[in-house]
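Open the structure in your viewer and keep the selection box handy. We will go from stop to stop, with something to pick at each one.

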Amino acid sequence: MGTEPSMYLKELGLSEYEACAYACLLRRGVSTAQEVSDGAGVPQPRVYDALDDLSRKGFVDVQPGRPKKFGPVDPDAAIERFCEFKQRQYDDELARMHRLGEQLSEAVDDQTAPTEQSEICWTYADRHRILEKLSELTAAATSEIRMITTPASFERMLNHHVEELARKAAAGTRIQAVVSDDGVLSPAVADRAAEIMDVRRVPNVEGRIYLYDDAHVLVAFAANNADGYVGISTTSDTLYWTQSQLFDLLWANGREMSHRATSPDAGAARAGDDA
């Protein structure tokens with residue numbers, strides 16, 4: 001019986017001396033520290049520490065006196081006590097981590113200056129994924145949405161996101177669009193856009209840039225892939241303000257949108273246009 005209990009006790013996490021001391025008490029019953037030291041082979045300078053730890057963990061009851069005596073707790077009851085001990089230990093450690101986390105947050109707030117908000121760039125290699133990301137950014141916007149785009153892409157944006165754009169406009173989100181002059185907008189699209197946003201036309205622009213809430217940027221451009229388009233989105237204060245300066249320049253030099261009917265030729269041209 002001497003070896004087996006020690007083996008399982010060490011598997012539970014007890015030290016070598018603790019396991020040997022408890023196994024000795026199970027054999028001998030109530031004993032003094034000296035008797036445990038002699039019976040378990042635990043060095044006398046270490047036996048009191050081992051017995052105190054066993055008491056704290058629920059394996060030993062202490063009988064005051066001169067000398068003190070130590071009695072083994074029944075293994076079933078000892079395991080219950082030990083589990084409660086481990087739970088308290090876990091709860092204490094978790095609470096300590098929460099306190100340290102709060103202190104870390106306070107230290108970071110106190111010692112670091114505001115930095116650029118920036119996250120990894122995501123690349124979308126097809127039109128459908130670009131439209132999905134635009135939908136996500138539109139739904140999340142709260143203050144402003146600004147677009148630099150082509151007529152075909154603008155119409156596609158309206159077709160896919162008009163209801164969400166209308167909800168954002170009704171909620172107070174400012175929406176502006178700079179649309180290039182290299183194509184014609186249908187009167188229906190122009191009328192619907194005018195209800196929910198401000199639109200200006202400018203000479204031809206390359207690429208499409210979408211800006212959201214002072215931080216989020218999505219750039220889409222033609223590429224030599226199967227779909228013909230690539231979109232890149234990121235959250236960057238610096239990139240946002242750089243592109244906003246471009247938007248402001250185009251906006252200042254743009255003209256208010258006029259409604260021009262779409263001719264059959266123009267419609268055919270747009271059918272092969274970009275996204």
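What follows is a tour of this model, from the whole chain down to single residues.

**The whole chain**

Keep in mind throughout that this is a predicted model. Start with a cartoon view of the protein chain, which holds ten helices and eleven strands. The chain has 275 residues, and buried ones make up 41% of them. Now switch on a surface: it comes to about 15500 Å² of accessible area, and carbon and sulfur atoms account for 51% of that. If you look at contacts between residues at least 6 apart in sequence, 67% of them join residues at least 24 apart.

**The largest core**

Next, select L134, M147, F154, M197, V199 and Y212. These are the residues with the most contacts inside the largest nonpolar core, which has 30 residues. To see where the core draws its residues from, color α6 (127–140), β5 (144–149), α7 (151–170), β6 (174–180), α8 (187–196), β8 (208–212) and β9 (216–222), each of which gives two or more. Helix α7 provides the largest share, with six residues. As general background, nonpolar side chains in soluble globular proteins tend to be buried together.

Stay here and center on M197. Which residues does M197 contact, leaving aside its neighbours within four places in sequence? Show M147, F154, L158, L165, I175 and A177, and you have the set.

Apart from this core lies another one, with 22 residues; select A19, V47, L51 and F59, which are among them.

**Two cysteines**

Now pick C20 and C24 and show their sulfur atoms. Why is there no bond between them? The sulfur of C20 has its closest cysteine sulfur in C24, and the 9.1 Å between them is too far for a bond. A disulfide needs the two sulfur atoms within 2.5 Å, and by this rule the count for the structure is zero. Both side chains can be hard to see from outside: C20 counts as buried at 18% relative accessibility, and C24 is buried at 0%.

**Salt bridges**

Twelve salt bridges turn up in a search of the whole structure. Begin with E18 and K57, whose side chains meet at 3.1 Å, N to O. This pair links distant parts of the chain, with E18 in helix α2 (residues 16–28) and K57 in helix α4 (residues 44–57), 39 residues apart. Are E18 and K57 buried or exposed? Both are buried.

Move on to D61 and R81, which form a salt bridge at 3.0 Å, N to O. D61 is in strand β2 (residues 60–63) and R81 is in helix α5, so the bridge ties together parts 20 residues apart in sequence. Here D61 is partly exposed at 38% relative accessibility, and R81 is partly exposed too, at 35%.

Then select R192 and E195. Their closest N and O atoms are 2.6 Å apart in a salt bridge. Both residues lie in helix α8, three residues apart, which is about one turn of the helix. R192 is partly exposed at 27%, while E195 is exposed at 57%.

To finish with charges, show D181, R201 and R255 together, as salt bridges link them in a network.

**A patch on the surface**

Go back to the surface view and select Y90, L94 and M97. They form a nonpolar patch with about 310 Å² of accessible area together. Y90 sits in helix α5 (residues 75–111) and is partly exposed, with a relative accessible area of 49%.

**Backbone details**

For the last stops, switch to sticks on the backbone. In general, most residues other than glycine have a negative phi, and most peptide bonds are trans.

First, find the peptide bond from R66 to P67: it is cis, with omega near 0°. P67 lies in the loop between β2 and β3 (69–72).

Next, go to D213, in the loop between β8 and β9. D213 is not a glycine, yet its phi is positive, at about 50°. D214 is also found in the loop between β8 and β9, with a positive phi near 65°. Compare their surroundings: D213 is buried at 18% relative accessible area, whereas D214 is partly exposed at 35%.

Conventions: Residues numbered from 1 in each chain as written. Predicted model: local features only at pLDDT ≥ 70, side-chain atom pairs only at ≥ 80, totals over all residues. Heavy atoms only, no water. Patch = residues over 30% accessible without salt bridge, like charges linked within 9 Å, V, L, I, M, F, W, Y side chains within 5 Å. Areas by Shrake-Rupley, 256 points an atom, 1.4 Å probe, with all protein chains shown as cover. Salt bridge = Lys/Arg side-chain N within 4 Å of Asp/Glu carboxyl O. Helix = DSSP H or I, 4+ residues; strand = E, 2+ residues; numbered from the N terminus. Buried < 20%, exposed > 50% of the residue type's maximum accessible area, 1.4 Å probe, protein only. Core = buried A, V, L, I, M, F, W, Y, C linked by side-chain atoms within 4.5 Å. Contact = heavy atoms within 4.5 Å.
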